[in-house]
Amino acid sequence: MDLLAFARGPALTIALLVFCAGVLWRIVGFALLRIRAERSRARASFAKSAIEGLLATLTRSWPHREFIARTGAGEALGYSYHLGLFAVVLLYVPHIEFLGSLLGFTWPGLPSTVITALSVLTATIFLGVLFRRVTNPVMRMLSNFDDYFSWVVTMSVLVTGLATSAHFGARYETLLAIHILSVDALLIWFPFGKLMHAFYIFPSRAINGAVLARKGAAS
Amino acid sequence: MSRPAPRPMHEPSSVGQMLRQHGISRRAFVKYCTATASLMALPPGLGAAMAQALHGARRPSVIYLSFQECTGCFESFTCSFAPTIENLIFDVISLDYDDTLMAAAGSAAETAMQTAMRENFGKYILVVDGSVPTGAGGGYCTAGGRAAADILTEAAKGAELIICVGTCSSFGGIPYADPNPTHAWPVSAIVGDRPIVNVSGCPPIAEVFTGTLMQYVTTGRIPDLDEHLRPKVFYGNTIHDRCYRRPFYDEGKFAKTFDDEGARSGWCLYELGCKGPTTYNACATVKWNGGVSFPIESGHGCLGCSEPGFWDKGSFYGTLSAAAWGKAGEAEPLHVLGYGAAAAAAGVAVGAGSSVLARQRLAHDAAAAPPAGGPGTHPTTPEKD
């Protein structure tokens, strides 16, 4: 079995199983935690607080007017590389074919040249995000191994993907195998690190919004 | 009275003599050499140098052994695009043994091989076609009552160079594919101490074989080889990189079926399982049948036949970037679903277990805590806000 067959076969299978088990462990473990008892009269019905919770996923996903001057640049960077990642992962035809082999359906993609340009842009922004993290004293203090390792794992997928499409540094099948192995590493790390925010971010915003509405506070 | 031993098919002589015998002019010969040099991406000036070297060169003895194979490689070789050129190739070398082509059979053929090996020991070129089975004591492939591995080992001892023609002799090919019932091996696994050049493909392109042979005969040097011992000049690029459909790949235009509008418009066959991106060969440039076409131009994706283990790399029609499940890369969705369900169940169980433990710890802390309002009532256990 060559490296590519290993990466696409056993390594990918194991990575997906770890990803699946790990994500469910984290989600179920969180969902079954006891909800703190209400110690004051509820200011909103369950229905209204649920709607407020859903609205909070939108309102909290945009910088508050008062803070936009301070946080706008950071949020713009964050949105940019997330959108870039989504486009590269979901709209590149070989990726669509890979996801199609897992999901059973496919969708139209973008031209490879567009994806390459987006990948370069996303990787550049990703470097900017790291620069901001290490140069901003507050962010540097808040950051730990998880932040940096998650960055490395995600960036390695981008870089190896670009190298593969450009046939840079090695034979194509070797580069493709390394790229898939980097994806395997990301899948394995995903449930155990901050990458898990992909599953947590919207439910946590909704729950916070609902709880605050229940208490009569603005979210 | 004992019968004299049969002589090889051609007496070794200079190429120039052979050309004169066949009425081939020097001009035609130089043109042929220039074309060959061009095929091998050598500088144009080397064509004349090649002709000069070849003209005075002694025709090297070539022994062509066929083992566990389908004769497709030899068929490809004999279907070389220009018959006059093909004749020339046969006359440039002295093909002293080839059990497919030679008129002699039985012990006469075997004696011809022994004679050629003895008279040209250390100087002949050994061409091998087919894998070498070692199962059942070598009984799966024998010639003259001898196992293929024994014949190869003996013939390799006096070979100046071994050229493996086709994927079977280069990498084991189809006989080597899982479960390899005959315990077949590529030549390189049997012969370790002789220079080997692999001309892989199922079958290989005729001009790739003749070009490799020509370069060695004229320059006396083995061409630059890649990691699989293949001439870089022919195997240096992927088919994908040289494919005329490549621009459509870059534009994101892919045929969805073999007979849709995209396929008819020449769009990329990547989604139909083309293995061009991982296959190194000259199909897209040298092409077949005198440059008429190649599989992708005929509307079918590349099978990756010139790569090691191509038969065990999953479906020919599975997209290259799709996940490969199972031992041989074949899709086994039911097994995958089963594993996935087991992983999901394990994840749910561990998650539920951890939350139960958290609740128990919370209850324990609450029971052990002082009355409300006293010190130490601040909750420290995990709870959702």
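Two strands pair if DSSP finds at least two bridges between them. Keep that in mind for the first exercise. The model you're looking at is a predicted one.

**Exercise 1. A strand in the middle of things**

Work out which strands β1(B) pairs with, and in what sense.

*Solution.*
Step 1. Start with β2, residues 94–98 of chain B: β1(B) is joined to it by 4 bridges, and the two run parallel. To see one of these pairs on screen, pick B:S61, whose bridge partner in β2(B) is B:S94.
Step 2. Now go to β3, residues 124–129 of chain B, which pairs with β1(B) over 5 bridges, again in the parallel sense. Here a handy example is B:I63, with B:L126 as its bridge partner in β3(B).

Next, is β1(B) enclosed or exposed?

*Solution.*
Step 1. In a regular strand the side chains alternate between the two faces of the sheet.
Step 2. Take one side of β1(B): B:S61, B:I63 and B:L65 are buried. Then flip to the other side, where B:V62, B:Y64 and B:S66 are buried too.
Step 3. The tally is 6 of 6 residues buried, so β1(B), residues 61–66, is largely enclosed by the rest of the structure.

**Exercise 2. Reading a helix by its sides**

Find out how the span of α7(A) compares with the expected one, and where its buried residues sit.

*Solution.*
Step 1. Helix α7 of chain A covers residues 145–166, which is 22 residues. From first C-alpha to last it reaches 31 Å, close to the 32 Å expected at 1.5 Å a residue.
Step 2. Residues three or four places apart in an α-helix point the same way, because there are 3.6 residues a turn.
Step 3. Pick out the buried residues of α7(A): A:V157, A:L158, A:T160, A:G161, A:T164 and A:S165. They cover an arc of only 165 degrees around the axis, so they lie on the same side of α7(A).
Step 4. Turn to the other side of α7(A) and you'll find A:F145 and A:A166 exposed.
Step 5. What covers the buried residues? Among the covering elements are α5 (112–135) and α8 (172–189) of chain A.
Step 6. Finally, look just past the helix: A:H167 follows α7(A) and has a positive phi, near 55 degrees.

**Exercise 3. Backbone oddities in chain B**

Locate two cis peptide bonds in chain B and say which loops their prolines are in.

*Solution.*
Step 1. B:D178 and B:P179 are joined by a cis peptide bond with omega about 15 degrees. B:P179 sits in the loop between α9 (173–176) and β8 (184–185) of chain B.
Step 2. Another cis bond links B:C202 to B:P203, with omega about 0 degrees. The loop holding B:P203 runs between β9 (196–199) and α11 (206–219) of chain B.

Now check B:A136 and B:K287: what is the phi of each, and how exposed is each residue?

*Solution.*
Step 1. B:A136 isn't a glycine, yet its phi is positive, near 50 degrees. You'll find B:A136 in the loop between β4 (132–133) and β5 (142–143) of chain B. It has 12 C-beta neighbours inside 10 Å, so B:A136 counts as exposed.
Step 2. B:K287 is no glycine either, and its phi is about 60 degrees. This lysine belongs to the loop between α15 (261–264) and α16 (333–368) of chain B. With 18 other C-beta atoms within 10 Å, B:K287 is partly exposed.

**Exercise 4. Two contacts**

Describe the contact between chains A and B from the side of chain A.

*Solution.*
Step 1. Count residues: chain A puts in 38 and chain B 37.
Step 2. Several elements give two or more residues to the chain A side, namely α1 (3–31), α4 (93–103), α5, α8 and α9 (197–215) of chain A. The top contributor is α1(A), with 16 residues.
Step 3. Sort that side by class and you get 22 nonpolar, 9 polar and 7 charged residues.

Do likewise for the two domains of chain B.

*Solution.*
Step 1. Domain 1 spans 15–232 and domain 2 spans 237–342.
Step 2. Each of these domains gives 16 residues to their contact.
Step 3. On the domain 1 side, α8 (167–171) and α11 of chain B are the elements that give two or more residues. By class, that side has 9 nonpolar, 4 polar and 3 charged residues.

Terms used:
Residues numbered from 1 in each chain as written. Chains lettered and ligands numbered in written order. Predicted model: local features only at pLDDT ≥ 70, side-chain atom pairs only at ≥ 80, totals over all residues. Buried ≥ 20, exposed ≤ 12 C-beta atoms within 10 Å, placed from the backbone. Expected span 1.5 Å × (residues − 1). Arc of directions from axis to C-beta. Contact = placed C-beta atoms within 7 Å. Nonpolar A, V, L, I, M, F, W, Y, C, P; charged D, E, K, R; others polar. Domains from an automatic or database assignment.
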